[in-house]
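The following paragraphs offer a guided reading of one protein chain. Please keep the sequence and the model in view while reading.

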Amino acid sequence: MAVELFRDLSQPINVTQLDSVVSAFYGTGSKEERAAADLALRELQTNPDAWLQVVHILQNSQSLNTKFFALQILETVIKYRWNSLPVEQRDGMKNYISEVIVQLSSDDASFRREKLYINKLNIILVQILKHEWPARWRSFIPDLVTAARTSETICENCMTILKLLSEEVFDFSRGEMTQLKINELKQSLNSEFQLIHELCLYVLPVSQRGELIRATLATLHAFLSWIPLGYIFESPLLETLLTFFPVASYRNLTLQCLTEVAALQCESNYVNQYVQLFTVFMGLLQSILPPGTKIPDAYANGSSEEQAFIQNLALFLTSFYKASFAHIKLLESTPENRTALLMGLEFLIDISYVDDTEVFKVCLDYWNCLVTELFEANHSTGGQMPLLSGMVDGLGSQIVNRRQLYSAPMSKLRMLMISRMAKPEEVLIVEDENGNIVRETLKDNDVLVQYKIMKETLVYLSHLDHDDTEKQMLNKLTKQLNGEDWSWNNLNTLCWAIGSISGSMAEEQENRFLVMVIRDLLNLCEITKGKDNKAVIASNIMYVVGQYPKFLRAHWKFLKTVVNKLFEFMHESHPGVQDMACDTFLKIVQRCKRKFVIVQVGEHEPFVSELLTGLPTTVMDLEPHQIHSFYESVGHMIQAEPDPVKRDEYLQRLMELPNQKWAEIIGQARQSVDYLKDQNVIRTVLNILQTNTSVASSLGTFFLTQISLIFLDVLNVYRMYSELISSSIAEGGPYASKTSYVKLLRSVKKETLKLIETFLDKAEDQSQIGRQFVPPMMDPVLGDYARNLPDARESEVLSLFATIINKYKGVMTEDVPRIFEAIFECTLAMITKNFEDYPEHRLKFFSLLRAIATFCFPALICLSPQQLKVIMDSIIWAFRHTERNIAETGLNLLLAMLKNFQASEFCNQFHQTYFLNIEQEIFAVLTDTFHKPGFKLHVLVLQHLFSLVDSGSLTEPLWDSSTVSQTYPDNVMFVRDYTITLLSTSFPNMSRSEVTLFVNSLFESRNDSATFKEHIRDFLVQSKGFSSQDNGDLYAEETAAQRERERQRMLTIPGLIAPNEIQDEMDS
């Protein structure tokens, strides 16, 4: 058996047999042999002594796969156990790896033949360096540079090692090494870079070996972003790079190096060299891409190398322009420099038309930075661009300001943004790959992000020159009308651009502009033939008008025309048009609702009254979900009516059709209850409830008269359908719950709960409404939940009572025991069997618990110790869950419980029972890598616990003197000792002194959230639990704070956040 072959590692392993097993695993054997080989290799890999055989395997194996397997074992030991190995074993391994690398790379034949093996050995060496260098291997860089001068192939490999080292320290270190170690390695690389710099300058001018030159350029590229600037500007390095730029085989690598230089933050004493680099580069570029070259065509027809060159050129130009405005100012100061500056912008605009998303993103990012800077400079001087001294042309002494300098490129940039505008989220009608106009089925998040950046850029461009923006947009629109430039894409991008600048113009100019745009689009809709064409135009009309609510509020006739046009589109059967018409109608009504309930000049009644009269005709062609949206919109109108009598009259007229149908169904049911069992009747009941929910969501408290009318009948239908479901499942077994009939019945129950929850959540007169609606629900809803089979219990019951408690707060404390009795144990039994069943119940159950812990805490104190233990166990179970929402709800619930118990008379009793268990469980999820999204909350819980023991709230010891022999002066000393022991046991790869240092640092920083969090991040890296993974979630809180600061900045600039996204006075 293969498994038995490698169990005894006291003798050198039989490498020939190992080669055979590896070969079988990689596919030369049968399926059974592969499975046996897999088992044997796994067992060998997990043997803690296997790494001692690595040298023996590498020396004797004939198989590259076997060598890779051995190096994989070694890599694991280096990552997780290296510092615990004896010094002689560490030194022996690093010397052996170094010798093999030198031996294999010393002659060209073996270097090429063993390239893959050498690359893996290089990676292993760099992993060792992260532990050994600089403290225990100070001579590494000098030894490497000396070896590099002995042979061109050794030199080429040394360049690869240096490149890997730089990338490990500067690119991949975050979340893999502690901050202290990263800083130590950076400092060492900086201090020893002179030797590397001399080696590169020694190789580049003299070597004739193409591979070595490419390796040297690649290494330079890895180092240039962080080395001291003197090595770049006070040496022949730039001149050397510029000599390689025109050579096609080195052009891309050289350009990548120059891009790293261009991206450096400029120091004042090197500004002239920066500018000289740019002007020389632009001169060389013209010989490669002569003026007049159509870059988009060159890219489309070019080889992969030529396409990479255009991508790299975009990166160079954007990096240079973005890096420091100090050298941009110098470029703006003389005619010669201005020519180079404008030529670079011209190239960049041409590159921006390349049909490649990644290239466009690079360019767009810079355009956004440039227009932001130009706008802010203009804004800070009250609308005038600052003048630059010394900007004089050769003909006279006229001073040219920055706005004039950039006006031509900015005008071209406006055309670019309008021509390539990304699709906004609201647009539902798209062109598919076959050229057909269809309804969009999936949102493309990349396109939405791109739209936001393009919108911001175009808003700034509009602020810089409103007239040019308006002129270009109206010119393009004229070309759509006369057919000169007509196409779906051209009209789409133009209208998306028009919609994106909403709010950026002065009101008078925006009004004039919009009148022309809407008039032309309506004309275009009238004169254009073909259903697809009309659908595209309709989509664009709806998008544009939806973006300008302020204009519509100020122009009633336009508003009425637009709404009537939307009603027309609601009869249009083309996919997506009706949906978009209903969405746009809802958006417009939400922003202009007051306008519909007052009698406008020249009208004899409010528009809402006219609408209600024609409502059956308007909605006759709509699908049920579209009708619900329409009813929600009208609900917003009615909500704006200040007169209660009129409001109730409008509501009664709105609900006339569903109420008639409801009365008819209830009347038939009173004669024969079997009537309610018909599937068509059930669907009608569901539709009526959904319509009511839609209106309740927009009317809020004012929905009271309507819900009072149907409430008791609705509860009776709920009870009856619940009994039907239970009997169906009891008779048909568990599969009965999956039948279409039972699913339909459950939909009615869910919608009933949703209707009540929506109304109670939106209603404002809380106490009176609560008294009227909550008591009648207790048995039909709570009792029904408790009595039902698990598969027939609706999770919406949990969210309904969570909403009720969140709404009525402490008033519900007396009802909590009854809620617990009906819900708690039966739901726990459903959700604690595994992590998969009843996902809806899980989240809503813990949301309900959180509401109780937050607002009805006295009810929890009254529970028996056994019941409280069940709650605490369920909370721990929740935050162990790998489903993010459930884990976060559990952690938030835990925090609420901890804070409430700290302030209660049961503080000592609670924490003596649960403190140590909570700490242990939090450290378990914190360090297991499956719960990274909860990092922020894990830290908050630990910080709370560590602060608690020193706060004075605990007056009794946390330890049990009957089981703990040692005595402690206070809880702080006990928790410190307990935590050190817990972590030392859990992470044997860390020394007790390292753990002690970490725990002490937590106590010292318990009142400083940022430092406390940083210590925990470093510990996660040190413990090796988070190595080589995406650690973005550990920094999620900082990212969210940055997003909020950016939103606040955007709110200060008109148009950056669309008017329909800002909560303002609807009828200002």
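A polar atom in the side chain of Gln472 lies 2.8 Å from the backbone oxygen of Ser411. The model in which this pair appears is a predicted one. Gln472 belongs to helix H25, which covers residues 466–481. With a relative accessibility of 9%, Gln472 counts as buried, because that value falls under the 20% limit. Beyond residues up to four places away in sequence, Gln472 touches Ser411, Arg414, Met415 and Ile418. Ser411 thus appears twice in this account, as the source of the backbone oxygen and as one of the residues touched by Gln472.

A second buried side chain may be followed in helix H49. This helix comprises residues 971–986 and includes Leu982. Leu982 has a relative accessibility of 15% and therefore counts as buried. Setting aside neighbours within four places in sequence, Leu982 is in contact with Gln920 and Phe923. Gly210, by contrast, is 772 residues from Leu982 along the chain, and the two C-alpha atoms are separated by 57 Å.

Helix H41 invites attention as a whole element. Its 13 residues, 796–808, should span 18 Å at 1.5 Å a residue, and the end C-alpha atoms are indeed 18 Å apart, so the expected and modelled spans agree. How much of H41 is buried? Twelve of the 13 residues are, which means that the helix is largely enclosed by the rest of the structure. Among the buried residues are Glu796, Ser799, Thr803 and Lys807, together with Val797, Leu798, Phe801 and Tyr808.

The residue that follows H41 is Lys809. Lys809 has a positive phi of about 50 degrees although it is not a glycine. It is found in the loop between H41 and helix H42, the latter covering residues 816–831. Because its relative accessibility is 39%, Lys809 counts as partly exposed.

The loop on the other side of H42 leads to helix H43 (839–855) and contains Tyr838. Tyr838, likewise not a glycine, has a positive phi of about 50 degrees. Its relative accessible area of 24% is over the 20% limit for burial and not over 50%, so Tyr838 is classed as partly exposed.

Another backbone feature is found at Pro134. The peptide bond from Trp133 to Pro134 is cis, with omega near 5 degrees. Pro134 is placed in the loop between helix H8 (115–132) and helix H9 (140–148).

At the level of domains, the assignment for the chain gives domain 1, residues 1–76, and domain 2, residues 863–1029. The centres of these two domains, taken over C-alpha atoms, are separated by 42 Å. A UniProt record, from an unreviewed entry, lists residues 37–103 as "domain: Importin N-terminal". In the model, residues 37–103 are 76% helix and 0% strand, and the C-alpha atoms at the two ends are 32 Å apart.

A closing point concerns confidence. The chain has an average pLDDT of 85, and 90% of the residues score at least 70. Over residues 382–400, however, the pLDDT is below 50, although this stretch has 33 contacts in the model beyond near neighbours in sequence. Residues 1064–1068 also stay under 50, and the model gives them twelve contacts beyond four places in sequence.

Note on methods
Residues numbered from 1 in each chain as written. Predicted model: local features only at pLDDT ≥ 70, side-chain atom pairs only at ≥ 80, totals over all residues. Heavy atoms only, no water. Domains from an automatic or database assignment. Helix = DSSP H or I, 4+ residues; strand = E, 2+ residues; numbered from the N terminus. Buried < 20%, exposed > 50% of the residue type's maximum accessible area, 1.4 Å probe, protein only. Contact = heavy atoms within 4.5 Å. pLDDT = per-residue confidence, 0-100. UniProt positions renumbered as here; feature names shortened; annotations may be inferred. Expected span 1.5 Å × (residues − 1). Polar contact = N/O pair within 3.5 Å; in protein donor to acceptor, adjacent residues only side chain to side chain.
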